[in-house]
Structures are given as structure tokens and as C-alpha cells.
Amino acid sequence: MSLLTALCGVQVRCLTLSRLKALPSVLDGSQWRARGITSTAIPTGQHENPIKYIRNIGIVAHVDAGKTTTTEQMLYNSGALRHAGNVDHGDTVTDFLPMERQRGITIQSAAITFNWPKRDDHDSSIKPHIINLIDTPGHVDFRFEVERCMPILDGAVCVIDGVEGVEAHTERVWSSAQEFKIPRFIFINKLDREGASYKKSIQDIGLKLNGMPLVCQIPLWENDTLKGVVDVVTGRVVSLAGSTDSLELLSEIPVDQVVKDEIERARDRLIELLCEQDDGLLELWTEHGKGLPSESIKKSIRRVLRNGNGSLIPVFAGSSLKNIGVVPLLNAVNDYLPSPLDRPELEVRNGEKTEPLSQILLPLEVSKKHHKEAHVEALASVFKVVNDARRGMLTWVRVYHGILKKNTPLWNTHLQGFERPLNIMQISASQNVEVPYLAPGQIGALTGLKTARTGDTLMVMSSNKAPPPQLSHVQVRPPEIPPAVAFIVLDAYTPTGAKALEAALENASREDPSLRWSKDEKTEQYTLSGMGTLHLEIARDRLENHYKAEAMWGKIVVDYKESLSMQTVPTRAVFDKTVAGNTGKAACTVVIEPLEDHSTDGLPRSSYIERDGNIIRVQFPGEDHPFDVEATRQHLINGAIAGLARGPRRGSPMYRCLVTLTYDAATDYFGTASGAHLSSAARKAVRDALSAAQQQNGVVLLEPVMRATIVCPEAAAGVIQHDLHSARGGHVLEVRDLQDGSGPNANAANSSSNGAEINIDDIYAPPDSYEFQKSLRETRKGRLRMLQITAQVPLAEVLEYDGVLRSKTSGHHSLTMALDTFERVTGPREKALL
């Protein structure tokens, strides 16, 4: 059976299609086993592994770089949309929330599935690929959304603005992709705009992203207007403004000699860079010289990208708004980004150990044959939860092993319980298509799960019973949630409204774990904490308009923290009260100390957890424990987290504490105790230890300090620097001229991802259009000169700084802030807070 038949073989029921024509069904396959992806699937007699035709990719970038517009054009060209939406018109598919359309920005990540190339017009020799694409937010307040999606991606397309170049948030998401070794390339967008510079953007990539740009396309200009895109590998036109011609017809369009000469230079440099890292291409080059076949070069780019180290960065060009360069970008996704089969084996955390997935599954497969013990039939990771107005909670998952079917009990390794999905869907933003199952490597959404949260791991067991102890706590890349920096206080109008408000807050925190809420039992006020002002404004709008929560809202204020300046003495607590009608008794001992940078040196990463900036670890002295060690560990950790939620000095969360809990079976185990007793004992021990530290003046206050990046006209830069330093207690770290590329990175060599040095003179970048046309050079140089100011400044001083900058720059500015560190508050400011 051909792959096309397999793709069409699953009958799907289309629920809401309006503009959407068709989505691909899931893939069938025979027994699949590859590095970290295994399955006993439905046999189809297919010889090729269908997983090789899956691409799980993300679109990442700074805000306003054109991610959503690029996604819309991808969908339009693939035939999934009848017409491409426009962010300015508020009719895009992926930005489907009212606040997204109102503000023109992406707020939450949205997944969409489509085929490329289209089934109706592609060469029959080319297999269609299923692309699961995730459009992520670009605003720094929603960086948790981006970083949570990173682990489930097999590749990424980074979009940058051809006018602005590499911006602050682009560097952050690129760093996150580097951490997970995600193969990625860059699409330089908006080259049709006045002031766009392909050359400057390429130089920015090399100097700021610490990788050597690999120029794969050159813009085609006509009278200083972007006309199309020429492929460097083939030397042919691959995209033309206003044209829907096939690649075969486009390749026949002639280009002038100047462009041909530039393409030859670009191709020589591309081959040179590839040969430095790919021995296979180097051998071919010794045989063929400059006449290397195009297909060999493409395979080399794919091999070099596969390791994800970012040392070489393929660069593509275009304008998504005018649909220039989008079709070749889709071809690049198929040609250069890996399938799930090409990625390294999945590492999972199992108790205190981190080991490959195959090591977890292999012993159980042996036992399945001989002893018929329970074994794992499927494994999936939850990377997002969304409350849909019609369907309720949608739980987005990626499948790593086996086949995930509807109505099959799923074991949640974090919550230690079963849930059953009612339906499985592939998601097209606000439009859904039901499918019977999800195959390995696929991304989809489950309905009917009532408690699953972002970061949970789901397993299907062969016996529909709880997994054995050695499997019950397996986790796939649990999330690391950054500490909150701002919060807002709210009051319910009535007791009945309080219950509805609590349910809404709980659902909101399930959707976005970086939103945290708590209730003060004395004042009955609620506190909602988040990553910044915009983050909380969006959360408030969603609570009011989606969940219909009614409350009195306070002002958004800074979320201060408390920390220790000294180590506490060992504090033991015993809890023996009745909880929910169940009697029991539990005890534990805790030591809390300030968390230093070296505190975790020598500790296995799986031996502790990090939560809200604190490190928590549990010790079990002795051997042969008469209780479930992993379940007890989780309950004690939950209790410690609750104890750290409110400090003893002003009720602020504790931060940068190293908590060591000791549970000794000889002194702390009094028979089987419920999880509530264990967590209550840990919470009591932590609070007693903190209270003792407060009595010895060992608790200090911390405030969030932001790294602010301000782009402003040169005329206003002096006033802004003075204001940051003198009026707001900030420190200016760097001032850089964006037009000339001056600054510490301009002429100095940077260390690339593989340890080599990158100098601006070593970066090949084709000339811009005005360098071909000398008469336009002076006009372009007359643009407004912009400076970039990077500073450290307390968040309390810049909560509403955007309005201040607007008055100083007449609106010609941009402001990006991200949490840099927490610093101790002293002197009069400390007294004012107390």
C-alpha cells in the first residue's frame, strides 16, 4: 500500500470547517521501533515507515516578526485554507482568541495539522508530509508558552523581521531551542518593507545567535522592490510575487548576470561551510568540485542540521504578507528538518534516575511474553491544556510510544490516577477534526480529561490497572515553571461567586501553570500571580469574558519574595489529626538553607525538583522501606511546596531555598498514612522551620530585577539613560547603535555553539537592493538613527514604563523586559514594604 493510500485510509468526521478544506488523518503503520519511538501499530503491509513523513515543528520569533502571517500563508498554500487571514483584520486561524484578534498578537500557542505538498498537484513521486505546526507567542510575558512547547518539537522555524533584525526575545527562544538541541533555520520576513536589510539581518544572526549563517536564498529585486526569491542550491527562481506557477515554470525565469554572479559566490560559500562539518559532502566535492549535484547539497544541509547544535544556521528570505518565499519555506521544512525517527532517543525521568525510553520498556516486553505482567502500550506527554468554549478542556499531547486510542484509560504518572479520553482530535486552532487514534510522533488533543495539567505524562497499560512501582512515576520532561514577578488581588462579591471564582482560577492555572493563585483564609482574598503586566491583563480578560468570573480587582503590583540568610536547625514535625474522616499519623524532619549556585553541584538532576525558584529533595535513610518510596516522596514534596507558598515575614512566597526533607522509616513511619497526612507533616515542618528563622532575623525580602531592552531614537537616548539611572535605580549595561552595528559584538569575535569564533568579516551576506543601485544609498542612510539600551532595573520602577517612554520618544520606541534576577531590598524601601 502506498503512503498516499495510508494517509487517506482513515475516515475522519469534519466538525467545523468554514474556511478549512481538509486536514490529514493519522498514519497507519506496521511495527515501528526507532530511537525513542516504538509502537505495535495496526498492520498495513507498508514497507516504508510512515513516521519519516511527519514533521513536528514550531514557529518562534519576537513579537510582530510575522509568525502568524507566515502560518496563515503556509495553510493557504497547502490548501487547508480557502484564503489567508490577516492579523490586522483579525481573521487569522491560529490567533482565534478574542484578545489575540483585538491586540494583534499571539497569546497562547496554537497547533494546526496539514499536508505538504498538496495532494491534488504534487509530483506523484514525492510523498506528502504531515506537518504538525505550532504557532507560539512572541511577547516575553508568554515565554513559558514557548518554552513548554520546545521539548515536543522535532524542528523549528525562527522568523525575524527584515527591518529590525534579531531582537531580544528571538535570542531567548533561540537559546531555549539550543538547550533542547532542536534543529532549526531562519526565515527573514518583511523584506518588502521600507528599511529592510537582508545583509544586516544575516550579520545579526551570526553575531547574536552565535552560529554561522548558511545563506540558502537570495532576494530578487526589481527597482528596489522585492520581486521574488532565488534558491542558492539550484540557482533557480523558486518564488515570484503574484505568481502561482509551479516550481518547474518558475525555474525557467531568467535572472540577470549580476544576480547569477552573486548566486555563484553564495553557492561556493555554502558548500565551503558544509564541507567543514560534513565529511560526506567533502568527499563528493573532491570528485565533482563546484559541479556538486543539488540533491547532494540538500542532503548535507539536512545532516548538518540534525544534531541541533546551531553551529550552521540556514537562512531563507521572503515576505509572508505578499506570499513571497512561503512555498520554498514549506519545501525546506520537508527537505531539511528531521522526522521523529531522526531525533535522539527520548530521555525520561524515572524516580531518581534519568534513562532512555527503550531501557524503561525493554524489561517489560520480556516479562509480557513470559509472565504476562502489565506493560506500557502507549506513552504520551501533555504540553498544553486549553478550555474550549464548546468542547471543555482540551488536553494537547504528543505521542512517543504506541497508539493512543479514545476511551482507553490513561494513567497520569504525576497525579497517580486513571482518566479516560472521550475523543481524540487533530486541532486546527479553533476548528477540530476527530480521529480514531494518534500514532507515534503525532500531536493531537484529547477531550474528557478532568485533572491533567501541562507537563503530565500519560500511559496506557495493557491490563488497565495501575502500573508496577518501577513504572508508576515515569515522567517525560516535567516543566520548570519560572517564578512570578507580579500579582493582582481580587475579591469575590458573594460566597456563591467565590466558588465559581475558585473553579475559574483553577481552570486558568491548568491552562497556564505560570499563572498561580492562592487564597488568604483570614481575609478571604485571592491572589493571582503571573509573569508580567500583560500576562495578568490577559488572564483577567479571560477570567471575566470566558469563565464569566465576577470579582473586584485590585491593581497589578510587584510580587516580592522572601528568602533565608542563614540555615535553619533540623526541625521535626508530627501530624496526627483526622483528615477527611481518615485517621493517621506521619512525621518528617526538614532543614532549609539559602540556595547558592553551587548547592546542586554533585547532585543527580533527577534527585531533586525545582519549583518556583526553590530546590526540594527528599532523603530516605536505610533500605527495604515498608512503603511506596516514590508516592511518599511526591506527597512530601507537595507539602513542602505548600509550606513555602507564604513566608513568615509578609506572606510573600519563599525563593531560592534549598529544602532537604528526611523521612526515616524507623522514627517517622507509623503504619500506612494517607497522602494528606504526609503532605501536612511536611508543610508543618517547613512552616515551623521558617518561623524559627524569622525569630532569629534570618528572613530577608527580595524584589524582581528586570533586564530591560529599549530601542529608541538617538535624540531621546540620553534622557532615557539618565531617567533609568537617577530616578529608577537602574544600571545601564550596554548602548548599541542598531544602524551601524557598533557595540561590543560588532568587531569582536563571538564564540559559536561549537566553540569556534565568528567574526563579522567571515559572514557572507549578499548585498541589499540599494547597494546594487547607488542612487538609493543616501536615501536609505537618512533613516532615523536608533539606539538599543540594555539595562537592569527593579520591576517596581518600570511597571508602567511604556507610557513614560511614549512621551519621551513620541511613540518611536520598543520595550522588552524579562526577569534577570532577584535582589535583596534594604534600607527605607524595605521598611516601606513592611
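This talk covers one sheet, the helices packed on it, one arginine and one further helix.

Keep in mind that the model is predicted.

Let's start with the sheet. It is open and has five strands. Their order is E32-E33-E36-E35-E34, and the pairing is mixed. Which strands sit at the edges? They are E32, residues 571-575, and E34, residues 609-611. Each of these two pairs on one side only. On average, neighbouring strands are turned by 25° against each other, direction ignored.

Now look inside the sheet. E35 covers residues 614-619, and E36 covers residues 657-662. The two run parallel, joined by five bridges. Take Val618: its bridge partner in E36 is Leu661.

Next, the helices on this sheet. H15 packs there and touches E33, E34, E35 and E36. The direction of H15 makes about 145° with that of E35. H17, residues 675-695, packs on the sheet too. H17 touches E32, E33 and E36, and its direction makes about 40° with that of E33.

Let's zoom in on H15. This helix spans residues 629-644 and contains Arg633. Is Arg633 buried or exposed? Arg633 has a relative accessible area of 10%, under the 20% cut-off, so it counts as buried. Its side chain makes a polar contact with the side chain of Glu630, at 3.3 Å. Leaving out residues up to four places away in sequence, Arg633 touches Glu352, Val618 and Phe620. We met Val618 a moment ago, as the partner of Leu661.

Last stop: H11, residues 326-336. How many of its eleven residues are buried? Nine are, so to speak of H11 as mostly covered is fair. Among them are Val326, Pro328, Leu329 and Tyr336.

Definitions and conventions:
Residues are numbered from 1 along each chain as its sequence is written. This is a predicted model: local features need pLDDT of at least 70, side-chain atom pairs count only at pLDDT 80 or more; totals for chains, interfaces and linings use all residues. Side-chain values use heavy atoms; hydrogens and water are left out. Helices (H or I, at least four residues) and strands (E, at least two) are DSSP runs, numbered from the N terminus. Buried means under 20% relative accessible area, exposed over 50%, partly exposed in between (1.4 Å probe, protein chains only). A polar contact is a pair of N or O atoms within 3.5 Å; within protein, one must be able to donate a hydrogen and the other to accept it, and residues adjacent in sequence count only if both atoms are side-chain atoms. Contact means heavy atoms within 4.5 Å. Two strands pair if DSSP finds at least two bridges between them. Axes are lines fitted to C-alpha atoms, for helices over the stretch in contact, and angles run from 0 to 180 degrees between N-to-C directions.
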